[in-house]
Amino acid sequence: DIARATLMARQARQRWPDQVALFHSGLSPAVRTEVWREMQSGRLRIVVGTRSAIFAPLPSLGLVCVDQEDDASLKEEQEPRYHARDVARMRAAQHRARLILGSSHPSLETWQDCGESRALTWQPPAPHIEVVDMRRQPYGTLLSTGLVDGIRAALDAGSRAVLFLNRKGFSTALLCRDCGQALRCPDCTVAFTYFRKAATLACRYCGLSRALPDVCPACQAARLEPVGSGTERLEEMLRRQFPGAVLTRLDRERARTPAKAEALRQEAAAGRWDILIGTQMLFQGSPLPPVGFVGVPQADDGLHVADFRAAERTYHALRDAADLALPAASGGRVVVQSHMPDHHAIAAVAGGLPALFYEQEMIFRQALGYPPSAHLISLRVSGQEAERVQQAAKRWARLLLAAIAAGVPGRHAQTTVLGPVPASHAQLRGRHRWQLLVKAGQADAGREAVKTTLEKLERTDRKGGLKFEVDVDPVEML
């Protein structure tokens, strides 16, 4: 985000010299303070920045523009959990300023708010998109014949190829073939990611890293087998398939520091490669040069996440991947591998039919009562003692149900409480976690019930290191 904001600020300064401020968390406190004062004084009239720039103290606000308004990074995951897009709407309304929300694939919330003007005003020429049904491929196939042929054709034509796989490492887990146990992080109870070159296991949540063991910690067997595929494994396979090609990889494993990440982005943008393999980092920072071929080996991985936004995120990622390819008239081709080729997120991208995704997804959201057809509040209780956490979560649920029942008749008619249940990751960084969801037809009704019950809990249940978290309009459910 900082790289993208820096690039945009540089472009703005070419047009409006000495009037543009760049504001983001990467600046030192002294520089941030100085920039803040210059914005307040009115000397700097244009502010470009990351999420926090939405609070820029411009004395006369006439325009607010949120680029890539569907980006999850616009939501602050720490308290206060604001969403920059919502703050932008509020500030624009207060100042009677114009609000522009930009995206090549709008969020469902924005798509619904736009009403009759939902059609995108501009669509770039699309590449040819082909979907490979992996149910018809041999078990365990990572690269289908169609995908390999597409890479080869692009290289033979003097073009390049990009492969998008949003899983870093060699494999997503290391499994014992004798007892069936996956090697897990002791603090987060999630499977370690296996990195073959470094011979290490790493937790993708807390960052704990361990050397690769010789035997299974559970049964002492020596048959440990990697399961699932990451960018490291994909790179190894492609090096065997295309020994003469120049390969590079763009993921968090290689980009461990901001300086390294920027160096990798510059290398990728310069095009000093034949095949580029990457995660979501492909879509960040400076735009990549368009290529002749784009492959998505595991298009439906994100659909299996326990999150009501899973299909929306998958659609956005596939659209971003397809946008890396040249137009069909210039030879651009995309191959998407999927075990669910008929899923509306995949079919909409393959057919170039955004409305197919949005309309179908809205039907699902309305049927299940999820945003944007309803308001959602995610509640979480965490602590180091599992029993105490569970009991506090159950007490919160009882208090919520009582508050809803005692509310104004009709006001809470569409307010329901789901849970409590163990969180998707029931233990994270050594803390046990339970969660609840409050669904509300009226946003104020849900917030009112949560506020009154939270005050009671914090007076009586704060002992024992318990923490109560509230996320209004959550973006992440894990």
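## A proline inside a strand

Let's start with one small detail: Pro-420 is found in strand 17. The peptide bond that links Gly-419 to Pro-420 is cis, with omega at about 15°. The model you are looking at is a predicted one.

A second cis peptide bond can be found between Pro-371 and Pro-372, where omega is about 10°. Pro-372 lies in the loop between helix 10 and strand 16. For background, most residues other than glycine have a negative phi, and most peptide bonds are trans. That background also helps with Gln-68, a residue other than glycine whose phi is positive, near 50°. Gln-68 belongs to the loop that runs between strand 3 (63–67) and helix 3 (84–95).

## The chain as a whole

Stepping back, the protein chain holds 12 helices and 19 strands. Its radius of gyration is 24 Å, and the globule rule gives 23 Å for 478 residues, so the chain is as compact as a globular protein of that length. Taken along the principal axes, the box filled by the C-alpha atoms is roughly 70 × 65 × 45 Å.

## The antiparallel sheet

Strand 17, the home of Pro-420, is part of an open sheet of four strands. The order across this sheet is 17-18-16-19, and the pairing is antiparallel. Strand 17 (416–428) and strand 19 (467–472) are at the edges, and each has a single partner strand, so one side of each has no neighbour in the sheet. On average, and with direction ignored, neighbouring strands here are turned by 20° against each other.

What joins strand 16 to strand 19? Six bridges do, and the two strands run antiparallel. Strand 16 covers residues 375–383. To find one of these pairings in the model, look for Ser-382, whose bridge partner in strand 19 is Lys-467.

## The parallel sheet

Another open sheet has six strands, in the order 5-15-14-6-13-12, and here the pairing is parallel. Its edges are strand 5 (128–133) and strand 12 (247–250); each of them has a single partner strand, so one side of each is left without a neighbour in the sheet. From one strand to the next, the twist averages 15°.

Within this sheet, strand 6 (residues 161–164) pairs with strand 13 (residues 275–278) in the parallel sense, over four bridges. Ala-161 has Ile-275 of strand 13 as its bridge partner. Helix 8 (residues 310–322) packs on the sheet and touches strand 5, strand 6, strand 14 (293–296) and strand 15 (333–338). The direction of helix 8 makes about 155° with that of strand 14.

## Three helices in contact

Helix 8 also meets other helices. Two packed helices are described by the angle between their axes and the distance between the axes. The axes of helix 8 and helix 9 cross at roughly 25° and come within 9 Å. Angles under 35 degrees count as roughly parallel, and helix 8 and helix 9 are therefore roughly parallel to each other. Helix 8 passes helix 9 in a right-handed crossing. Ala-311, Tyr-315, Leu-318 and Arg-319 of helix 8 make this contact with His-344, Ala-345, Ile-346, Ala-348 and Val-349 of helix 9. Sorted by class, the contact of helix 8 with helix 9 has seven nonpolar residues, one polar and one charged.

How do helix 9 (residues 344–351) and helix 10 (residues 354–368) lie, and at what angle do their axes cross? The crossing is at roughly 165°, and the axes come within 8 Å. Helix 9 and helix 10 are therefore roughly antiparallel, and helix 9 passes helix 10 in a right-handed crossing. On the helix 9 side, the contact is made by His-344, Ala-345, Ala-347 and Ala-348; on the helix 10 side, by Leu-356, Phe-357, Gln-360, Glu-361 and Phe-364. The residues of this contact are six nonpolar, two polar and one charged.

Helix 8 and helix 10 complete the picture. Their axes come within 11 Å and cross at roughly 170°, and the two helices are therefore roughly antiparallel to each other. Here Ala-311, Glu-312, Tyr-315, His-316 and Arg-319 in helix 8 meet Pro-354, Phe-357, Tyr-358, Glu-361 and Arg-365 in helix 10. The contact of helix 8 with helix 10 has five nonpolar residues, one polar and four charged.

Note on methods:
Residues are numbered from 1 along each chain as its sequence is written. This is a predicted model: local features need pLDDT of at least 70, side-chain atom pairs count only at pLDDT 80 or more; totals for chains, interfaces and linings use all residues. Side-chain values use heavy atoms; hydrogens and water are left out. Two strands pair if DSSP finds at least two bridges between them. Axes are lines fitted to C-alpha atoms, for helices over the stretch in contact, and angles run from 0 to 180 degrees between N-to-C directions. Contact means heavy atoms within 4.5 Å. Angles under 35 degrees count as roughly parallel, over 145 as roughly antiparallel, 65 to 115 as roughly perpendicular and the rest as oblique. A crossing is left-handed if the near helix is turned anticlockwise from the far one by less than a right angle, and right-handed if clockwise. Ala, Val, Leu, Ile, Met, Phe, Trp, Tyr, Cys and Pro count as nonpolar, Asp, Glu, Lys and Arg as charged, and the others, Gly among them, as polar. The radius of gyration is taken over C-alpha atoms; the globule rule is 2.2 Å times the number of residues to the power 0.38.
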